[in-house]
Amino acid sequence: MAHTATEWPPEETLSLWKGEQARLKARVVDRDTEAWQRDPSFSGLQKVGGVDVSFVKGDSVRACASLVVLSYPELKVLYEDSRMVGLKAPYVSGFLAFREVPFLVELVQRLQEKEPDLMPQVLLVDGNGVLHQRGFGVACHLGVLTELPCVGVAKKLLQVEGLENNASHKEKIVLLQAGGDTFPLIGNSGTVLGMALKSHDHSTKPLYVSVGHRISLEVAVRLTHRCCRFRIPEPIRQADIRSREYIRRTLGHRGESPAQRKDSLFLREPRTTPGMAPPALGR
């Protein structure tokens, strides 16, 4: 029998979550803080991390959290750590961090204790940063709590501040011709909240990149593009592959597919395993 979902949080809990987001948001740094970020070739950048949480099919409580560290620019896996976790909060739009970040912080802390020489210099996060209902998405939350530079990389547009996946938005996507092409995501306030990035020459769907912590938007976009062998940046793709494989080895079946995961903001790629061909680009 599948484990039952945790109950929808009461308004008091949502209010506390909003207060916590506001408190931590004041600590977000949206500029470059590291020497490698200021070098056009990212000289000095050697280790890039990626995190992912995959869900168990038919189970709304158990999940697998994964952290990988890749060499840069080779993008070879240097470290991986996956563990089964028990979700304590349901999915609530705008509050993904309270569902997933505690487990990701634990993985970073375990790495610091076990292999401090392999600590990543930046984390790519499957989710949004300042492109968020309250300007403090999961990439900001993880960055502030770990004090690591973080980049938010979402696969679907979060429709906030007037941003919509409408005809005008789709027309801009069509104009993205080659990998690395971008257009800004400008909210009703006139603020640039992130960038739509064509991450690969053959991808038909952009990624939505936003600042998490201790990095500028321009550098976040360039780094994301340079980490893409396929549509999804390799650190996040490898974390996803390994979390799904860990679920298969541990429980005997695959992680939840995009159609089965009821998370409309952060759909995951079709599952692959090391040695298999990657999913079709742009799908």
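Reader: Leaving aside its neighbours within four places in sequence, which residues is Leu67 in contact with?
Author: This is a predicted model, and contact here means heavy atoms within 4.5 Å. Close sequence neighbours, within four places, are left out. The residues in contact with Leu67 are then Gly50, Val51, Tyr79, Glu80, Asp81, Leu107, Val108, Leu111 and Leu123.

Reader: Which residues touch the most other members of the largest nonpolar core?
Author: That core has 29 residues. Leu67 belongs to it. The residues touching the most other members are Leu67, Leu123 and Leu142.

Reader: Which element gives the most to this core?
Author: E1, E2, E3, H2, E4 and helix H3 (138–146) each supply at least two of its residues. One element gives the most, with nine residues. That element is H2.

Reader: How many residues does the second, separate core have?
Author: Trp36, Leu124, Met195 and Val211 are among its members. The second core is separate from the one around Leu67. Its count of residues is 28.

Reader: In what order do the eight strands of the open sheet lie?
Author: The pairing in this sheet is mixed. Each edge strand pairs on one side only, and these are strand E3 (77–86) and strand E6 (182–186). The twist averages 25 degrees from one strand to the next. From edge to edge, the order is E3-E2-E1-E4-E5-E8-E7-E6.

Reader: What is the bridge partner of Phe183 in E7?
Author: E6 and strand E7 (residues 192–197) run antiparallel. Five bridges join them. The partner of Phe183 in E7 is Ala196.

Reader: What angle does the direction of helix H6 make with that of E1?
Author: Helix H6 (residues 234–251) packs on the sheet. It touches strand E1 (47–55), strand E2 (62–71), E3, strand E4 (122–126) and strand E5 (150–154). With the direction of E1, the helix makes an angle of about 40 degrees.

Reader: Is the aromatic pair of Trp17 and Phe95 stacked, tilted or edge-to-face?
Author: A pair of aromatic rings is described by the distance of the centres and the angle of the planes. For Trp17 and Phe95 the values are 5.5 Å and 45 degrees. Planes under 30 degrees apart count as stacked and over 60 as edge-to-face, so this pair is tilted.

Reader: How many residues apart are Trp17 and Phe95?
Author: Trp17 is in helix H1 (residues 11–25). Phe95 is in the loop between E3 and helix H2 (96–114). The pair links distant parts of the chain, and the separation is 78 residues.

Reader: Which residues form one aromatic cluster with Trp17?
Author: Trp17 is buried, and Phe95 is buried too. Both belong to one aromatic cluster. The residues that join Trp17 there are Phe95 and Phe98.

Reader: Why does the pair of Phe42 and Tyr72 tie together parts that are apart in sequence?
Author: The two rings form an edge-to-face pair, 6.3 Å centre to centre, with 65 degrees between the planes. Phe42 lies in the loop between H1 and E1, while Tyr72 lies in the loop between E2 and E3. The pair therefore joins parts whose separation in sequence is 30 residues.

Reader: Is Phe42 buried or exposed?
Author: Buried means under 20% relative accessible area. Phe42 has 2%, so it falls below that cut-off. Phe42 is buried.

Reader: Which residue lies over the face of Phe42?
Author: The residue sits at 4.9 Å from the ring centre. Its name is Arg226.

Note on methods. Residues numbered from 1 in each chain as written. Predicted model: local features only at pLDDT ≥ 70, side-chain atom pairs only at ≥ 80, totals over all residues. Heavy atoms only, no water. Pairing = 2+ DSSP bridges. Helix = DSSP H or I, 4+ residues; strand = E, 2+ residues; numbered from the N terminus. Axes fitted to C-alpha atoms, helices over the stretch in contact; angles between N-to-C directions. Phe/Tyr/Trp six-rings, centres within 6.5 Å; stacked < 30°, edge-to-face > 60°. Buried < 20%, exposed > 50% of the residue type's maximum accessible area, 1.4 Å probe, protein only. Lys NZ or Arg CZ within 6 Å of the ring centre and 35° of its normal. Core = buried A, V, L, I, M, F, W, Y, C linked by side-chain atoms within 4.5 Å.
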